Amino acid sequence: MFVFTGNILPGVQPETVEAVFWEEMEALKTESVSDYELDKVNNKYESGVVFGEINAMNKAMNLGYYEMLGDLELINREVEIHNSVTKEEIRDAAQKIFRREKCSTLMYLKNNGN
């Protein structure tokens, strides 16, 4: 499941924002992400994993999660597995996942007292 969120600026129509989201999803389906973008995501993911391991509770939760999956050793390869994803795999997954007929949209709109 993917969740996309955003805050709508005053004067911008919700339909406009939704269209922009779809443009970005279509770009993921047809264009390769840049090396820079892929490196940035990989670095952010790795730093999140490393800093998450500082807290004993997070480490215990992760150990429990991988034990539940049936392969405790995966915890030691999590970053490696994440970083092995290729641009082509991202594009292929986007083509399968980002389809309008599989989308649910929920918008919270401010009530101006009307």
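## A salt bridge between two helices

Let's begin with a charged pair: lysine 87 and aspartate 35 form a salt bridge through their side chains, with N and O at 2.5 Å. This contact links distant parts of the chain, since lysine 87 sits in helix α5 (residues 87-97) and aspartate 35 in helix α2 (residues 35-52), 52 residues apart. Lysine 87 has a relative accessibility of 23%, so it counts as partly exposed. Please keep in mind that this is a predicted model.

## The other charged pairs

How many salt bridges are there by this rule? The count is four. Side chains of opposite charge can pair when their charged atoms come close.

One of these bridges joins glutamate 26 to lysine 29, and here the closest N and O atoms are 3.1 Å apart. Both residues belong to helix α1 (residues 14-30), and because they are three residues apart, about one helical turn separates them. Are the two partners buried or exposed? Glutamate 26 is partly exposed, at 33% relative accessible area, whereas lysine 29 is buried, at 14%. The cut-off for buried is under 20%, so lysine 29 falls on the buried side.

Another bridge pairs arginine 99 with glutamate 101, the closest N and O atoms lying 2.7 Å apart. Arginine 99 is partly exposed, with a relative accessible area of 32%. Its partner, glutamate 101, is exposed at 59%, and the cut-off for exposed is over 50%.

## The largest pocket

Now for the open spaces. Rolling a probe the size of a water molecule over the atoms shows where empty space is left. The largest pocket holds about 1,000 Å³ of space. It is lined by 30 residues, and those closest to its centre are Phe4, Thr5, Ser104, Thr105 and Leu106.

Which helix gives the largest share of this lining? That is α1, with six residues. By residue type, the lining of the largest pocket has 20 nonpolar, seven polar and three charged members.

## The second largest pocket

The second largest pocket has a volume of about 790 Å³. Among its 24 lining residues, Phe2, Leu28, Val33, Val41 and Ile90 are the closest to the centre. Helices α1, α2 and α5 each contribute at least two residues to this lining. As for its make-up, the lining of the second largest pocket divides into 15 nonpolar, four polar and five charged residues.

Two of these helices will be familiar from the opening section: α5 carries lysine 87 and α2 carries aspartate 35.

Methods: Residues numbered from 1 in each chain as written. Predicted model: local features only at pLDDT ≥ 70, side-chain atom pairs only at ≥ 80, totals over all residues. Heavy atoms only, no water. Helix = DSSP H or I, 4+ residues; strand = E, 2+ residues; numbered from the N terminus. Buried < 20%, exposed > 50% of the residue type's maximum accessible area, 1.4 Å probe, protein only. 1 Å grid on protein atoms, 1.4 Å probe; cavity = no way out; pocket = protein on both sides within 12 Å on 5 of 7 lines; lining within 4 Å. Points joined across faces, edges and corners; volume = space filled by probe spheres on them. Nonpolar A, V, L, I, M, F, W, Y, C, P; charged D, E, K, R; others polar.
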